[in-house]
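Before reading on, take a moment to turn the model in your viewer and follow each chain from its beginning. The briefing below goes from one chain as a whole to one helix, and then to the way the chains are placed.

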Number of protein chains: 4
Amino acid sequence: MTNSETKLTKKQIAILEAATELFAEKGYAGTSTSEIANKAEVAEGTIFKHFKSKKGLLLSIVSPMMVKLIAPMVKNDMNKVLDQDFEHFQDFIRAMIENRKAFIKKNLPLLRILIQEIPFHPELKEQFIEHIGKDIFARLRNIVEHYQAKGQLIQTHSDTIIRIVASSIFSYIIARYVIVPDGDWNDEEEVERIIQVLENGIVPRE
Amino acid sequence: MTNSETKLTKKQIAILEAATELFAEKGYAGTSTSEIANKAEVAEGTIFKHFKSKKGLLLSIVSPMMVKLIAPMVKNDMNKVLDQDFEHFQDFIRAMIENRKAFIKKNLPLLRILIQEIPFHPELKEQFIEHIGKDIFARLRNIVEHYQAKGQLIQTHSDTIIRIVASSIFSYIIARYVIVPDGDWNDEEEVERIIQVLENGIVPRE
Amino acid sequence: MTNSETKLTKKQIAILEAATELFAEKGYAGTSTSEIANKAEVAEGTIFKHFKSKKGLLLSIVSPMMVKLIAPMVKNDMNKVLDQDFEHFQDFIRAMIENRKAFIKKNLPLLRILIQEIPFHPELKEQFIEHIGKDIFARLRNIVEHYQAKGQLIQTHSDTIIRIVASSIFSYIIARYVIVPDGDWNDEEEVERIIQVLENGIVPRE
Amino acid sequence: MTNSETKLTKKQIAILEAATELFAEKGYAGTSTSEIANKAEVAEGTIFKHFKSKKGLLLSIVSPMMVKLIAPMVKNDMNKVLDQDFEHFQDFIRAMIENRKAFIKKNLPLLRILIQEIPFHPELKEQFIEHIGKDIFARLRNIVEHYQAKGQLIQTHSDTIIRIVASSIFSYIIARYVIVPDGDWNDEEEVERIIQVLENGIVPRE
DNA sequence: CATGAATGAGGCTTCATTCAT
DNA sequence: AATGAATGAAGCCTCATTCAT
């Protein structure tokens, strides 16, 4: 039940938090280790004692978050779907958005780092493809095919449905939190509308 | 008489092209001016003769592209819509995606720079909001309301429809070109599917 | 408990000394930070760890010297004058020149920097006016008026006397150390002659 | 009767004037050739067509001024002294200050450059010593000895008298125009006072 | 564990100077 | 004679990283 953070000392946590905030705000390349040390109230050398290099620090931030991002999906969703906890596909989507929301709000800076830095770091890209691209995708494919078999989704290549649904959600998240974070969003309604459109779009008409 | 690029010398073009490629590949902060000079086969000093600073170079790359990105929309679309060149809303969307495709393919690196760097540069953010956020949004609102009046779009707040459609398209572009550029995409079909879903989602059922 | 320099590390002192010598020899603008690093046998980066910028280095050299230049005057002279340690004005002048001589000889390069760079650096000008122009001038005015009251100085506007005396001394210093430093000066006699002329000039004839 | 400036083209004059102003304001090392070109409204290359290098430009500014500075002394003073135009030494000094005043006011920037840059340029130093240090000094020595022979100056080493007088005048000029140019000077009175003190100081009491 | 002084490579930018036009 | 684009060396400064304490 203990998780990997248990081993972290106070200073390590301070460093990780400072780095997360700064990387999110100014980008990885735009942030200096001395800024991080400053904000974490730690000596410059301390950073390198715990994280071999600046890149190592980035990975220490991003890698665990990728795991966390997909953890609930891996553990719960699949079972709930098979156990018929979600009778309709839209129930599944709604649940997925809802239970990720708190996480996303809390981990916004982490998400921004992930999105911004993936293109520039092969290691990250690899991890991302490995975890999200393959693992998650396989699970989602099972789920989609499950609902298709039940006649609740139109018969198209499952990948396409996944992409459309995922991208609709993802675009909302990016727009909401990265592109126009200062707009006056009514999140509940927006989510409802997205789901409505998706439902109209991918649920067969009887 | 042709266009504004006519005034650029060979070296200036070489610098802009090299910078565009490198910024797209390694990010603005991750690219050094000496790398740019190298790739452009130009002395480093030459860069600063033509562009006040590294930031100035970035703006010289990104600003014109924002204008170009929206130019066709400003000039043509509205008239075509009013002239009934597009009888149905989906015709309008399809046309919009189609005629931007060539541009997007050609200006992929530029788009990546735009997307990646906007969060870190207030000037860019401002320009973006000014051009895309205000100008374009107003036009799109007119178009949506035009089709709503014709009974071709469901009656929701027009902003929401715009956001859903735009984000679906935008998410496709991001996924296609930024997140998974190396996937094996069948662009025509993907676009068709997006349009299909959008049509199902936002066109009222008779 | 000794003095403020106690806090300086060896490298900081080496940097300050190298910079002082070079600034005096080639001027502030004519000296590069890499030259300073070289002469101080220190990495160039080390300079900027200790002094925010090249300008900061200049100020770290010049500011304390301004204080030191006037310190003895502030502490001792006034009391000695009032205590009648100097019965005649010329005694006062002689003492003032004498007790500054060691300091001047030792801090010649510093003085040269001060004189050469003041016109180009508003901060220096300000400090100079603040310390020398206001503080010292007020004290000198008191002293002059003190001797005028005793009938030992001609009755002219005290500012004028100060200026004439100070400029005679100052001109000697400039001539001696800046304009013709390589001439064969007999300092004792020169000082005696200056004092003689001043005495003849500003002491009333009985 | 034509002087060396006759050969100068408009552009050359513009360059010299711009350079003079800028060198005086920011120092030689602190002024860039492009700034000069800018201010002179001339292409950068043009400067180097006319003045081989930046240093050449400096010399073209300073050398002629040294000649001009001493010209009147060379031509007139000596004769006037011998012709008894100035019966007393103080008449000579007064005339010297007076007839240099217009020149100094007009050529203030040039003087500042001369004073500031001499220490950093061996060529200038050499010229200065050659012209002022030797030529002028020899003349002045003659003059002083002339008045000493007439019993109008105290019997001290003539060099000393020259230095004291010159430095008193020089210090006034420096103070007036370099150190405290913004003070509210009453030039006539100040000059009168200087002369008075000098007279008291170096004219024997009968 | 933690520090922070020290490093030297490298970043952005400016400079004096050249040369084809 | 005049231009100004082009250069590359050099300038100031920041960076990630190391190491003695």
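How many Å apart are the nearest C-alpha atoms of chain A and chain D, two chains that do not touch? In this predicted model, the nearest C-alpha atoms of chain A and chain D are 32 Å apart. Chain B and chain C do not touch either, and for this pair the nearest C-alpha atoms are 20 Å apart.

**Chain A as a whole**

- Chain A has nine helices and zero strands, and when its elements are read from the N terminus on, they run α-α-α-α-α-α-α-α-α.
- Taken along the principal axes, the box that the C-alpha atoms of chain A fill is roughly 65 × 40 × 30 Å.
- Chain A has 206 residues, of which 48% count as buried, a word that here stands for a relative accessible area under 20%.
- If one takes the contacts in chain A between residues at least 6 apart in sequence, 66% of these contacts join residues that are at least 24 apart.

**Surface and charges of chain A**

- The accessible surface of chain A is about 10600 Å², and carbon and sulfur atoms account for 54% of this surface.
- Chain A carries 27 positive and 29 negative charges, and the mean position of the positive charges lies 6 Å from the mean position of the negative ones.

**Helix 2 of chain B**

- Helix 2 of chain B covers residues 33-40, and its buried residues are T33(B), I36(B), A37(B) and A40(B).
- When one looks down the axis of helix 2 of chain B, these buried residues fall within an arc of 100°, and therefore they line one face of the helix.
- The general background is that an α-helix has 3.6 residues a turn, so residues three or four places apart point the same way.
- Just after helix 2 of chain B comes E41(B), which takes a positive phi of about 55°.

**How chain C and chain D are related**

- A turn of 179°, together with a shift of 0.1 Å along the axis, lays chain D on chain C with an RMSD of 0.3 Å.
- This turn and shift are the relation of a two-fold axis.
- Within chain D, the C-alpha nearest the axis belongs to G201(D), and it lies 2.3 Å from the axis.
- Both copies are served by the same surface, since 100% of the contact residues of chain D recur in chain C.

Methods:
Residues are numbered from 1 along each chain as its sequence is written. Chains are lettered from A and ligands numbered from 1 in the order in which they are written. This is a predicted model: local features need pLDDT of at least 70, side-chain atom pairs count only at pLDDT 80 or more; totals for chains, interfaces and linings use all residues. Side-chain values use heavy atoms; hydrogens and water are left out. Helices (H or I, at least four residues) and strands (E, at least two) are DSSP runs, numbered from the N terminus. Buried means under 20% relative accessible area, exposed over 50%, partly exposed in between (1.4 Å probe, protein chains only). Contact means heavy atoms within 4.5 Å. Accessible areas come from the Shrake-Rupley method with a 1.4 Å probe; for residues, only the protein chains shown count as cover. Lys and Arg count as positive and Asp and Glu as negative; His and the chain ends are not counted. The place of a charge is taken as NZ of Lys, CZ of Arg, CG of Asp or CD of Glu. The arc is that of the directions from the helix axis to the C-beta atoms. Copies are superposed by least squares on the C-alpha atoms of residues with pLDDT of at least 70 in both.
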